[in-house]
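Subject: the model you asked for

Hi,

Here is the structure to open in your viewer. Have a look around first, then read on for what turned up in it.

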Amino acid sequence: MALAQVRVTGVVKDTDGQPMPAVTVTIKGTTDAVSTSVDGKFSINAPTNGVLAFSFIGYTTKEVSINGKTSFDVVLASALKTLNEVVVVGYTSKQVSQLSSSVSVISGDKLRDVTSNDVASLLQGKAAGVIVSTGSGDPTSTSSILIRGASSINASTSPLIVVDGNIGGTYNASDVESVTVLKDAAATGLYGSRAANGVIIITTKMGKAGQTKIDMSSVVGFNTKTTGNFHLMNSQQLYDYQKTFETVVPSDLANNTNWFNLAFRRGVTQNHTLSVSGGTDKTQYYISGNYYNEQGTLIDNGNRNYNLRSNITTKLNDKLKLSVLLNTIYTQQTYPTDNLLYDAYLNLPYDPAFNPDGTPTDGRTYPGWQGRDKENPLQGLQYNFSNSRSISNNGDLNLDYTITKHLSFATYNRITLYNDKYISYYDARTKSGGANSGELYNQDDYSSTLLTSNRLKYDNSFGQHNLSILAVGEGQKYHFDDALLNGKGLPPGRPVMSTASDIISNPSGGTDDYNFRKYLGQADYNYAGKYFVVGSYVHEYSSRFGSNNPSGNFFQAGASWILTKESFMDNIKPVSFLKLRASYGTTGNAEIGNYQALGLYSIDQSANYGGIPGAYPTQKANPNLTWEKIKTANIGLDFGLFKRMDVSVDVYQKTSSALLFQVPLPATSGYDYEFENIGSVRNRGLEINVTSKNLVGEFKWETNFNIAFNRNKVISLESGEAMIDGGASQPVAVGHDINDWSMPIWAGVNPANGDPQWEQLVTDANGKVTKKLTNSYANATRQFTGTSASPKFTGGITNTFSYKGFSLSTFFNFVYGNKVYNDSRAYFDNDGLYDSYNAMVPPSDWTRWTKPGDIATEPKAVQGGNNNSNQQSTRYLENGSYLRLRNATLGYQLPHQWISSLKIRSARIFVSGDNLVTFTKFTGVDPEVDLSPPPNGAGNRVAGGASSFKYPISRKLLFGINVGF
């Protein structure tokens, strides 16, 4: 029997009372829908007991029950940021208005305006205090994340990643519902030992009860290299330059090879996603598949991913809920070989890339080849390759059990399995493989992670008093093993190990294990929804630390006060919301690698006795080694103005002590080094986030702006020492930023003779220090330069404009006040030292010394070099500030009346551009560098802020369509 129908009319407005056109009005559970007119009005036939759903991009979907009514006035709230929005914080979820901590939330839609499969890269510029840096445009590379400054010397500074409530896990960018960044101790503290560098919580999409939804997204586009202000010389330019200091002949101009252009290509990016979601009140599901393929702009380089996710939740009965989350990622990657990037920068344009018959030349045998390395990378690329394939499987089995009305228990369990195979082959016909008549390298890696997290929670309200108590017991076990095999003497074109006649070095491999155990308790109280207090205590054990101190204890406390709920604020109409926040607590850092507290020996075939491998000590045991400890204080203010602007301001201090550091030991000790807890580092900063609706009505304009300032300072070191690793370009010194530069200071060019000059500090017998100039690099004084690789501030700004079905968004990110060491200039800006390398085209404001009296920026060019002028100094320290148009997207939401006959729920077409333009004074291809590289394999700190033969980032032009059924 047909249900009774009624004609329903109405108007849809935003919270400012302005009519909203192009809002989709759907009868829930059906495909019947209409769109509102330019004045926000709608009319639709619907069942008398039906439900209408109102949806529009950037606004929170609203459902209204008809109940026989025929007219409705509907108000949609912006999804930009609502005080009632629920965010995931630690092991619980809270409304934004109830937070006492510093948290940034980025929705999946806001995250994916840039096209990438790397969520870290997508976070760049989206959250105050979160610095995301990418040292390479290689699509197989990943970005590093630094939250509120570096707090460690040798331990990792990367944040902890939590996926769907559990530490670790795998995910695909297309499946991300939201990303929550936890920054202060009140927010991160529950993760105890591993929360020192902040926590990033990734929540994947889940199904919702109601009509089944099918969503398809398809993006295809092109990638081209960006070169910024950097250009290499062509044959004529190099000829004109070299004839000023050495003999060149006109025949050098017979070829004009652009090696840089030959090494790069126009790549293609594809990103296709298909998802199905829905369910009933009992069971909800979300199933998706994604194919992502990005060709690198460097030839023979790319990243291909296949992802399948299934998130299913069902109520087994009134008390028990089961969630099964499965994710599989299969990845294929190809890597550049044959020094392709290096040769692209340095090969001479005089040398030809191709023979007359079109085949690549071979620099080893080509008559008259002038380049130093005698290598044509295109010749090797015909035969050589380097690639990997990996598969990652992640499974979650979660149970939530309601014991009583106020008491519940949950167990979250996860297994992650990873396997990777890497192969690199160098054919006997190429320079790379010629010395050993062909080389082959095979490597297999395997890892497994097991995690269980068991949670008991009590929630109750007593009048206006609201109390929540949480207790958690958690354990994690990790295993890794690898095997490496290599061979030589392979027939050409036979890249399999069975054809090798010998080995290059002995097979190798190893195994690695660690485990964590944690117990925590948290109490969360609020009164009348305006006074909030939270406190927690964490006890955690790690196998990484010494037998005397394997466990750490951490605490956190936070409080907030919503002033706009007080009566004295009633008459202050411009202020729609006002909240004060404060927090203090301790967290820990255990990211130093495994076995660092143990006495270690190295077993080496080269140190054998009677054919038996020998062992010798390398690391001294330290049974007292324990956690780095970080104390964080945060004061925050959140306020809203005129119901049009939301502002958050945070001031923080983060002080780390008992830093984990690899201390070198004298040879007489019999050991190379020992890990110890030494020193202290402090970070202080200010973060501001502003979200505003600048224009409302038919034409809308919204802005999100964030900016963060951070100052880093080393407070103390071991036994009162003032400096560690004083000969490095970034020594760790008391009173300095951990990334301050130290090197000889460039003093320009001597006008009389064109020699390079540096500062030399001379101390006389009375201890007086005077500064003079020297043309001898050996006499130049290594000193702090007064500059740092750490930016003075970073941030981003997004503007979104919409008119009817059209939308335009622009996203800029910026970095200011850092110095980048342009290391590769030592090779192609070297004043005649490397005349068998190409040279860079100098910027227009640089001048070369040619005669006495010249006031020049570049020394006299001399064959063989000019007094070590290209050695490390502030000559190559450059301004690393930049402003980048990270993304611009123009889209159009097709009116529902155009597509309803096709049973299409929604459709949007768009064109998007990534990395469209960068404003900078940096002379290299790109000023963005890795500011927080991880420690190297030996556990030593790696300096950040240097650029060396950088793989340029890609400029992307993409076309896409999103369709919902």
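Contact here means heavy atoms within 4.5 Å. Keep in mind that this is a predicted model.

With that in hand, start at Y191. Leaving out neighbours within four places in sequence, Y191 is in contact with G90, Y91, L160, V162, I167, L182, V199, I201, K518 and E540. Y191 also belongs to the largest nonpolar core, which has 33 residues. Within that core, Y191 and V199 are the residues with the most contacts. Which elements give two or more residues to this core? They are β8 (86-89), β13 (160-163), β16 (199-204), β25 (465-488) and β26 (508-527).

There is another core, lying apart from this one, with 23 residues. Y345, L346, W369 and L378 are among them. As background, nonpolar side chains in soluble globular proteins tend to be buried together.

Now for the charged side chains. The count of salt bridges comes to 30. A good place to look is R825, whose side chain meets that of D829 in a salt bridge (2.9 Å, N to O). The side chain of R825 also meets that of E878 in a salt bridge, at 3.0 Å, N to O. That second pair links distant parts of the chain, 53 residues apart: E878 is in strand β46 (residues 877-879) and R825 in helix α9 (residues 825-828).

Are these residues buried or exposed? D829 and R825 are both buried, and E878 is buried too, with a relative accessible area of 7%. Buried means under 20% relative accessible area, so R825, at 3% relative accessibility, counts as buried.

If you widen the view, R825, D829 and E878 turn out to be part of a network of salt bridges that also links D831, R848, E858 and R875.

One more pair to show: the side chains of R884 and E928 meet in a salt bridge (2.8 Å, N to O). R884 lies in strand β47 (residues 882-893) and E928 in the loop between β48 (906-920) and β49 (946-947), so this pair ties together parts that are 44 residues apart in sequence. Both partners count as buried: R884 has 0% relative accessibility, and E928 has 5%.

Cheers

Definitions and conventions
Residues are numbered from 1 along each chain as its sequence is written. This is a predicted model: local features need pLDDT of at least 70, side-chain atom pairs count only at pLDDT 80 or more; totals for chains, interfaces and linings use all residues. Side-chain values use heavy atoms; hydrogens and water are left out. A salt bridge is a side-chain nitrogen of Lys or Arg within 4 Å of a carboxyl oxygen of Asp or Glu. Buried means under 20% relative accessible area, exposed over 50%, partly exposed in between (1.4 Å probe, protein chains only). Helices (H or I, at least four residues) and strands (E, at least two) are DSSP runs, numbered from the N terminus. A nonpolar core is a set of buried Ala, Val, Leu, Ile, Met, Phe, Trp, Tyr and Cys residues joined through side-chain atoms within 4.5 Å.
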